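User: Hey, can you walk me through the rings and cysteines in this one? I'm new to this, so plain words please.

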Amino acid sequence: MKRCDVLVVGGGPSGSVAAALLAREGLTVLLVERDPYPRFHVGESLLPANLLLMDRLGVHDAVRKMGPLVKYGATFYDQESDHEQTFYFVKRPSLPNYGYEVKRAEFDAVLLEHARAAGAEVLQPATAEPPQFDQDGVTVTLTGGAGRLPVRARFLVDASGRDGLIASSIGRRARVPNLGKIALFAHHQGAARAPGIDEGNIRIYVFPDGWCWWIPFAGDVTSVGCVLHAKTVRGREGAPEALYDEILAGVPRVADGLRSATRITPVHRAANFAYTNSPITGDRFVCVGDAVAFLDPIFSAGVYIAMQSAELAAPAIARAIRTNRFDARQFREYERRLRYGLRPFFRFIERYYEPAFLEIFLRPRAFLGMLDAVTGVLAGAAFHRMSPRMRFSLTVFFAIARFNYWVRRFRGRPVQSRLEW
Ligand SMILES: Cc1cc2nc3c(=O)[nH]c(=O)nc-3n(C[C@H](O)[C@H](O)[C@H](O)COP(=O)(O)OP(=O)(O)OC[C@H]3O[C@@H](n4cnc5c(N)ncnc54)[C@H](O)[C@@H]3O)c2cc1C
């Protein structure tokens, strides 16, 4: 039986950050990751708030050495209205004016190496079976690699991403039915590049059946994915390649950009990725990252939230080990702060599929600080504490979007949310 203070299940961004911070506290940390690295993973566009977090973790230099492409903004284009809007990140006292585009195979390997260097032991490939909790700790059997290995830990961090180890074993997963989207994505070599500082922008192309992302990396590889409404894909569950090609062909700006490009990976598929899990804290465990919840990738916040949740959870876990108090109450503050941080993203995602909201979102006014507030949310600035000014500006912004709903209705224009599709 292998013994440790903390067992971290999952070596994605949330698991690696949790493991590094807990190892630095002098705890014995074992991180187990099912897949051998490097491995392909979705989630390649990082927010400015992520960079600050990397500074705090001391991993930013290692990430810079990977040579990520700098992203100064996010460009949204609505095919129906032919309207385009680029939100350039603004330098703020607490945030840089850029984020990064990264290949996750490289980025996740750097974070995992950082956790190892901080003192965490890493077992890979190793899959954690459902945990057995008792009064004194938790027992987990690992499989894969060198066979079956029982592990006894005082505490468990569920960083297993969308697999949700706790939710699927002792908890629950509530699907968010209206966000039951399906994503198809791949990497392409030789795709078109935007000039100047716009090269690194994430581009989002909205069309009636869903939306596409365009994420360029340093060099000449570009990630292109589409997120489709369930209604669009119903009855078309064949080879993903054919559907992917067909959808991209229907988005002229994407099709044009890919004209001289070659697809260099298989087409990957992710489905049913909108859910909230519960419980996310309990006696002797916390969940971090996607093991907590995931709604929709439209604002590229997943990796930031994953790393941020681990940073928020680590001090509470270290305190629990020091004081030998492991009941769920010890982790309530973590849960409260995490939910506070998630709210602005979730609110934007839920409204994004309403034509009335999208119309206002794509034409934001600098009036009453609204443009600044929207750009702030997109950069991750609203996670910790929103200034009263930012809160006010967002309230005005949402009120105007609501007003636009009634204006559109009055004029007989479509108002139905595409969430329902
Ligand atoms: C279509 C789509 C597009 C996205 N685009 C973006 C984007 O542009 N920007 C962004 O920031 N985010 C994006 N995201 C979200 C992002 O992918 C996730 O939020 C992020 O990867 C979460 O990190 P994590 O560490 O919680 O989980 P993961 O990165 O998923 O890591 C979990 C790890 O746990 C391992 N694991 C699972 N179960 C076990 C087990 N039982 N034992 C051992 N190991 C296990 C897995 O192998 C995996 O490596 C996107 C998501 C989707 C679905």
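User: How many aromatic pairs does the count come to?

Analyst: The count comes to 29 aromatic pairs. Rings of Phe, Tyr and Trp (its six-membered ring) pair if their centres lie within 6.5 Å; planes under 30 degrees apart are stacked, over 60 edge-to-face, and the rest tilted. Heads up: this is a predicted model, where local features need pLDDT of at least 70 and side-chain atom pairs count only at pLDDT 80 or more, while totals for chains, interfaces and linings use all residues. Residues are numbered from 1 along each chain as its sequence is written, and side-chain values use heavy atoms, with hydrogens and water left out.

User: Why is the pair of Tyr 352 and Tyr 353 edge-to-face?

Analyst: Because their planes sit at 90 degrees, with the ring centres 5.5 Å apart. Tyr 352 also pairs edge-to-face with Phe 361, at 6.0 Å centre to centre and 85 degrees between the planes.

User: Is Phe 361 buried or exposed?

Analyst: Phe 361 is buried, at 0% relative accessible area. Buried means under 20%, exposed over 50%, and partly exposed in between (1.4 Å probe, protein chains only). Tyr 352 is buried too, at 2%.

User: New topic: how many disulfides does the structure hold?

Analyst: Zero. A disulfide needs two cysteine sulfur atoms within 2.5 Å.

User: Why is Cys 226 not in a bond?

Analyst: Because the closest cysteine sulfur, in Cys 212, is 5.0 Å away, which is too far. Cys 226 is buried, with a relative accessible area of 0%, and Cys 212 is buried at 0% as well.
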